[in-house]
Amino acid sequence: MKSWNAIPVLPVVLATLFVLSAACLAQDQSGPAKDVDQTVAKPRKPTDDAEDAPIPSKLGKKAQPDVPVNLPSFKSDVNVVSVDVAVLDNKGNFIPNIPRASFRVLEDNVPQQIKSFGKSTAPMTVCLLIEFSAKFQWYGSQTWYQTLSAAYGFAQTLKPEDYVAVIAYDFKEEILSDFTSDKRQTYEALQRLRIPGFSEANLFDALADTEDRMSKIEGRKAIVLLSSGIDTFSKLTYDKARKIIQDGGVPVYAIGLMQALRIMSRRGDDISFLQADNQMNTFARETGGKAFFPRFYGEFPSIFQGISEALRNQYSIGYEPANKVKDGKFRKIKVELVNPATNEPLRVVDEKGKPIKYQIVAKNGYTAPREVE
């Protein structure tokens with residue numbers, strides 16, 4: 001009988017090695033195990049994180065938002081034009097109690113239907129724009145004294161609820177005081193008008209810039225301009241400045257300086273001064289204001305009263321334009337007083353029944369909006 005010790009060792013060892021080798025070969029063919037080393041790359045799992053998600057180069061059809069095909073679109077064409085109208089007699093006094101039916105508004109000579117009408121009395125918001133240059137207003141000169149007299153005289157007519165700003169200009173404008181109802185600040189600003197610094201008087205630049213700033217202010221507003229009307233060095237031309245002032249629509253009340261001095265110095269027929277007066281008159285008329293050319297200091301109180309009457313007492317008219325084309329073009333406005341029964345010009349009489357001449361003060365037009373694409 002053979003014992004266990006007699007079994008040869010070498011065949012057993014070889015058989016064991018063969019079995020282990022077969023097992024290892026089968027494991028390599030089945031792929032790596034789940035607990036293999038982390039240097040093995042794994043496929044990216046889908047994620048909802050926007051930062052981990054790939055960014056497409058263009059929006060594909062599948063990524064387009066779901067918008068209904070027959071979704072209705074709405075467009076607003078409502079455009080109400082507001083016109084403040086002052087009706088003044090030959091002395092500059094406001095004429096009250098004119099009925100709505102007597103007003104007729106024409107846009108490019110086409111009658112418009114008035115949607116709203118009323119009379120309003122409101123505080124004034126005024127910018128006092130003053131020419132103060134060494135060209136004519138050197139220290140102690142007659143024009144220098146006239147400028148200060150007009151500026152202080154207008155400030156004294158303001159009521160406690162009125163707001164006023166003071167801007168002086170030579171080759172550029174300088175804001176001496178912002179809008180305030182405190183008269184002390186206004187007087188302090190006027191006290192800075194002592195010695196002018198430069199000989200330039202850039203009226204076009206100063207007036208256009210002031211008009212653009214004030215166009216953003218709500219409520220009753222106006223520019224009171226104290227100037228010789230001479231422009232010496234503006235970047236803007238007269239036509240460009242006129243366009244900006246028309247678009248702004250803030251009434252300009254111009255007071256021409258040096259009227260008596262021109263006569264005494266025999267410069268009344270100087271073409272430059274005649275052109276200056278015409279420019280100031282145009283700026284005032286096209287914005288619904290008025291131009292004054294006083295020769296005597298005694299005329300200032302009545303001028304300031306006329307400005308106050310025109311600003312505080314006005315008829316507010318609103319209409320929807322018949323021309324709804326948004327082409328960005330300038331539309332001319334004309335306000336008339338007519339007898340609705342006869343369609344003839346309205347006859348206004350005084351307390352004694354005598355006819356009086358009256359003046360209608362309103363802006364000359366507006367610029368239509370452009371179509372928004």
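**Helix H5 and its neighbours**

Right after H5 comes Gly 249, a residue with a positive phi, near 75°. That helix is a good way into this structure, which is a predicted model. The chain as a whole has eight helices and 14 strands, and the points below start with H5, move on to a second helix pair, and end with chain-wide numbers.

**The two sides of H5**

- H5 runs over residues 238-248, and its buried residues are Ala 241, Ile 245 and Gln 246.
- These buried residues sit on the same side of H5, because the arc they cover around the axis is only 135°.
- As a rule, an α-helix has 3.6 residues a turn, so residues three or four places apart point the same way.
- Flip to the other side of H5 and you find Asp 239 and Lys 240, which are exposed.
- So what lies over the buried residues of H5? The cover includes two helices, H4 (203-214) and H7 (271-286), along with strands E12 (330-337) and E14 (365-367).

**H5 against H7**

- The axes of H5 and H7 come within 10 Å and cross at roughly 25°.
- An angle under 35 degrees counts as roughly parallel, and H5 and H7 are therefore roughly parallel to each other.
- On the H5 side, the contact is made by Tyr 238, Arg 242, Ile 245 and Gln 246; on the H7 side, Gln 279, Thr 282, Phe 283 and Glu 286 take part.
- Two of these H5 residues, Ile 245 and Gln 246, are also on the list of buried residues of H5.
- As for handedness, H5 passes H7 in a right-handed crossing.

**H2 against H3**

- Helix H2 (residues 142-156) packs with helix H3 (residues 183-190) at an angle of about 180°, and their axes are 11 Å apart.
- That angle is over 145 degrees, so H2 and H3 are roughly antiparallel to each other.
- H2 brings Ala 151, Tyr 152, Ala 155 and Gln 156 to the contact, while H3 brings Lys 183, Thr 186, Tyr 187 and Leu 190.

**The chain as a whole**

- How much of the chain is buried? Of its 373 residues, 38% are.
- Among contacts with a separation of 6 or more, 80% are between residues 24 or more positions apart.
- The chain exposes about 23500 Å², and 55% of that comes from carbon and sulfur atoms.

Notes: Residues are numbered from 1 along each chain as its sequence is written. This is a predicted model: local features need pLDDT of at least 70, side-chain atom pairs count only at pLDDT 80 or more; totals for chains, interfaces and linings use all residues. Side-chain values use heavy atoms; hydrogens and water are left out. Helices (H or I, at least four residues) and strands (E, at least two) are DSSP runs, numbered from the N terminus. Buried means under 20% relative accessible area, exposed over 50%, partly exposed in between (1.4 Å probe, protein chains only). Contact means heavy atoms within 4.5 Å. Accessible areas come from the Shrake-Rupley method with a 1.4 Å probe; for residues, only the protein chains shown count as cover. The arc is that of the directions from the helix axis to the C-beta atoms. Axes are lines fitted to C-alpha atoms, for helices over the stretch in contact, and angles run from 0 to 180 degrees between N-to-C directions. Angles under 35 degrees count as roughly parallel, over 145 as roughly antiparallel, 65 to 115 as roughly perpendicular and the rest as oblique. A crossing is left-handed if the near helix is turned anticlockwise from the far one by less than a right angle, and right-handed if clockwise.
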